[in-house]
Amino acid sequence: MRKMVTFALIGGACGAALGLARTRQSAGDLPVNGSTAPTGNNDVALTAAGGAAVGLGVGLMVDRRAKKRAAKRRLTLGSALTAGGLVEAARAARPVIEHAADVARGRAAKAAEAAKPVVEHAADVARDRAAKATEAAKPVVERAADVARDRAKDATHRVAERARTIDLSDGRVREAITVLT
């Protein structure tokens with residue numbers, strides 16, 4: 001961003017200088033009224049704006065290239081660190097990590113001992129509730145089984161009655177009807 005602004009300012013200044021030079025050339029050596037200021041149209045402003053636009057574009061390209069180079073340097077620097085320094089850092093950190101693991105193991109064992117009565121109580125409560133739910137559901141399930149049995153028996157009799165009214169000479173159908181009744 002900084003390079004974009006810098007190049008835009010430089011391009012604008014160069015454009016303004018070029019526009020001023022063109023205006024002076026087209027106006028002649030000296031103006032008619034005796035002043036030294038250019039009397040032409042707004043060529044200076046247009047040329048300065050064009051130069052600033054060109055400078056902005058050049059600054060954008062330079063800025064992007066600089067960012068790519070910096071990213072490449074970071075990548076190579078990081079890979080160099082991982083090759084040698086990371087291994088040494090891991091070796092130095094190993095005792096600290098082992099100590100932290102021992103401390104964590106001890107704390108986990110204490111937490112498990114502290115949680116054991118709570119978990120056992122929750123299991124007892126869950127067991128009691130399951131037993132009560134089973135006892136409460138038992139009559140409903142038995143009644144549903146009786147109703148299903150009765151409906152199946154009625155359906156079987158209806159099918160058998162319907163099959164008897166059909167006049168078929170096949171012996172297998174008659175055997176199936178006698179099994180159903």
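Here is a short walk through this structure, which is a predicted model.

Let's begin with the overall layout. The chain contains 3 helices and 0 strands, so reading from the N terminus gives the order α-α-α. Of its 181 residues, 9% are buried. The surface that the chain exposes comes to about 14900 Å², and carbon and sulfur atoms supply 63% of that area. Contacts along the chain are also worth a look: among those with a separation of 6 or more, 68% are between residues 24 or more positions apart.

Next, turn to the charged side chains. The structure holds 4 salt bridges, and three pairs can be followed here, including R94 with E98. The closest N and O atoms of R94 and E98 are 3.0 Å apart. Both residues belong to helix α2, which covers residues 43-165, and because they sit 4 residues apart, about one helical turn separates them. R94 is exposed, at 54% relative accessible area, while E98 is partly exposed, at 42%.

Further along helix α2, R105 and D102 lie 3 residues apart, about one turn of the helix. Their side chains meet in a salt bridge of 2.8 Å, N to O. R105 counts as exposed with 53% relative accessibility, and D102 as partly exposed with 45%.

Finally, find D124 and R127, also in helix α2 and 3 residues apart, about one turn of the helix. These two form a salt bridge whose closest N and O atoms are 2.8 Å apart. D124 is partly exposed, with a relative accessible area of 37%, whereas R127 is exposed, with 52%.

Notes. Residues numbered from 1 in each chain as written. Predicted model: local features only at pLDDT ≥ 70, side-chain atom pairs only at ≥ 80, totals over all residues. Heavy atoms only, no water. Helix = DSSP H or I, 4+ residues; strand = E, 2+ residues; numbered from the N terminus. Buried < 20%, exposed > 50% of the residue type's maximum accessible area, 1.4 Å probe, protein only. Contact = heavy atoms within 4.5 Å. Areas by Shrake-Rupley, 256 points an atom, 1.4 Å probe, with all protein chains shown as cover.
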